[in-house]
Amino acid sequence: MRILVAMSGGVDSSVVAGLLAEQGHDVIGATLQLYDHGAAVQKKGACCAGQDIHDARDVADRLGIPHYVLDRESRFRDAVIGDFADSYARGETPIPCVRCNQTVKFQDLVALAKDLGCEALATGHYARRVEGPDGPELRRAADPARDQSYFLFATTREQLAFARFPLGDMPDKAAVRREAVRLGLAVAEKPDSQDICFVPSGRYHDLVAKLRPEAAESGEIVDREGHVLGRHQGMARYTVGQARGLGLPGEAGLRVAALDPARRRVVVAPAASIPVTSVPVGEVNWLSEPPAVAFRAEAKFRAREVPQPVTAVWDAEARRLIVTPDQPVISAPGQGCVLYDGDRVLGGGFIRPGRVAPVDASAPAA
Amino acid sequence: MSLYLDANATEPLRPEARAVALAAMELVGNPSSVHADGRAARRVLEEARSRVAARFGGSARDVVFTSGGTEANALAIISLRQGRRVLVGATEHPAVLRAAEGAGMLPVLPDGTLDLAALEAALASGGPALVCLMVANNETGVIHPVAEAAAICRRHGAALHLDAVQAAGRMPLDFASSGAESMALSGHKLGGPKGAGALLLRPGLDLAPLIAGGGQERGRRGGTEALPAIAGLGAAAEAADPAAAARLTLLRDAIEAGLGLPVAGSGAPRLPNTSCVILPGAPAETQVIALDLAGMRVSAGSACSSGKVARSPGLAAMGLGDAAGEAIRISLPWNAPADAAARFVEAHAAMRERLALRRAG
């Protein structure tokens, strides 16, 4: 079948393209040019396309498949970079990879793939798509260390039906690299990408400061009662639960408890008081039928953590999910909250600010 | 079977050019050497120079060979802009725009042709000027009113540089009577090998080299000449008879009639081989990829080394708005087969049907 493969130039998506081509599919490679690489590394005259784009082209040439570079700079700027800065300005901690998957990757590439007569879109994500009784299900990757299902929670069911994740069953990254070697791909030993792709320097607050200056302005560090304890160098440098960079004298035990964008304040509190008993979640995408009553599940409140047992309730009318973990958790507004039933992703959304009452598992849903 | 319809990116090699380029590759001598082998190489070089001069109406001694159209444009503009302000057409090629950085932009009319009133106004005040104008546009094939622009330049004492990279071989050109100081050409756009271009200069014009080197090309372009590519350029120039290009007009018109879509610059005189067709609502990128997968080699926007399909600033300058991102360029090569129009129209219809079904569903 004709398959569009989103090729980043890294080893994972290169192996995907190679495996599918080897299986005899009619593979088309597409690489998104998302930002001006020359500008991002602040090197005058550097090409807008980074090394990754050249690597993707080389891999496609090696595999003998057609390959196209898609200019998505303005789309990415609006949908991902703009949202990233806005999120910090709202006192949140954004996850741009989710926004990128949601918009530029799955929304746009699925549309392009269909326009080109493709029957599927394949990516190098570590996740599994399994045909279930009620249609395709999104599941965690076989390798828990690489699992990226958390970043895919915003993929719609229609997009999931069209998507393929050939690396989901790989036992580990080493196996993927071995496949790359076997396929003769020059990127086999390429290091994994780090951090946020559009800020290769890692100094993301410079970018936020340029787009949303207010998020970089200094302000007060206060305790929950409003006592001023010090000053911060811009809210965008902080996330809930953070202990570093507060610069408080004798800061022992104090951590960021909340960000107050209206007053440009960073609120701190003793570490033990940061975890919350219940988390409000909005912009929810369901990859299963949400139960009408409170239900048990596991949840991740950030990318790098093990799913933990929770009780959740879905208010279909208000389109709001409330998740009550068995043990209090640190939750940062803007991050994703993803619900799992074992390996299966049930759905997920973005953590909203504010505190909510815990769900009583015995009570019926509103 | 694929169908090559991207001649404005590069023309297929002409057999005449291939034959002389291959022969030149066998020559051992350096055209600058004093011995017999050097003289043999120089003979081939000067033969190419004469052919270029003969085809385009220059004098052979004022033809400077370069690495290509980009260098020919840069050599002229960077040298001629000394002591002059620069004015460029809004739809010029990046090869000109980048060499003319900081230049004033001359608008084009909605049909893509240079706004002569704006040129007149721009030259009416201000110091000595260099005007850079393409004879024909790479994306639309629109032919600019070069004679009228030259008359305006002459009246105001402005120097004129012509970028004839797309026009050469596809329409009659006579540099000697054009009134321009210089005119740039590219070998591979004539059907020669890639890697050679030429700059025609008004007799007597003194030009500072970009690369001084060993003083080749009468001190105007240093470095040993790329003899095979230059010899091929000469042969291609001779073979590229504009009268033969008129055959392509029929094919182009058949394509446009078969598609029944808006054509950018259709109200202006155009090159016989070029058609810039707008499919409303369909991103140019999608069209180019879909057609490529169907074996139809067309292009859109300006090619970048990354290979991405970028929105066309030239079409935006014509006031096309969103349509600037929905236009593809079909440019027929000199050897386009007789069934090119029918085959392209059929492939395009299949693509359109799929896109329409998708939009409806």
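Contact here means that heavy atoms lie within 4.5 Å, and this is the sense in which cover is described for the helix shown in the first views of this predicted model.

**View 1. Cover over helix 6 of chain B.** Among the elements that cover the buried residues of helix 6 of chain B are helix 5 (116-124), strand 5 (129-134) and strand 6 (159-163) of chain B. The residues of this helix (residues 146-156) that count as buried are B:V146, B:A149, B:A150, B:I152 and B:C153. Because these buried residues span an arc of only 160° around the axis, they are placed on the same side of helix 6 of chain B.

**View 2. The other side and the end of helix 6 of chain B.** On the side of helix 6 of chain B other than the buried one, B:A147, B:R154 and B:R155 are exposed. The helix is followed by B:G157, for which phi is positive, near 70°.

**View 3. The fold of chain A.** Chain A contains eight helices and 17 strands. Its radius of gyration is 22 Å, close to the 21 Å that the globule rule gives for 366 residues, so chain A is as compact as a globular protein of that length. Of the contacts in chain A with a separation of 6 or more, 65% are made by residues 24 or more positions apart, and 54% of the 366 residues count as buried.

**View 4. Surface and charges of chain A.** The accessible surface of chain A is about 16,000 Å², with 50% of it belonging to carbon and sulfur atoms. Chain A carries 44 positive and 47 negative charges, and the mean positions of these two sets are 3 Å apart.

Notes:
Residues numbered from 1 in each chain as written. Chains lettered and ligands numbered in written order. Predicted model: local features only at pLDDT ≥ 70, side-chain atom pairs only at ≥ 80, totals over all residues. Heavy atoms only, no water. Helix = DSSP H or I, 4+ residues; strand = E, 2+ residues; numbered from the N terminus. Rg over C-alpha atoms; globule rule 2.2 N^0.38 Å. Buried < 20%, exposed > 50% of the residue type's maximum accessible area, 1.4 Å probe, protein only. Areas by Shrake-Rupley, 256 points an atom, 1.4 Å probe, with all protein chains shown as cover. Lys, Arg positive; Asp, Glu negative; His and termini not counted. Charge placed at Lys NZ, Arg CZ, Asp CG, Glu CD. Arc of directions from axis to C-beta.
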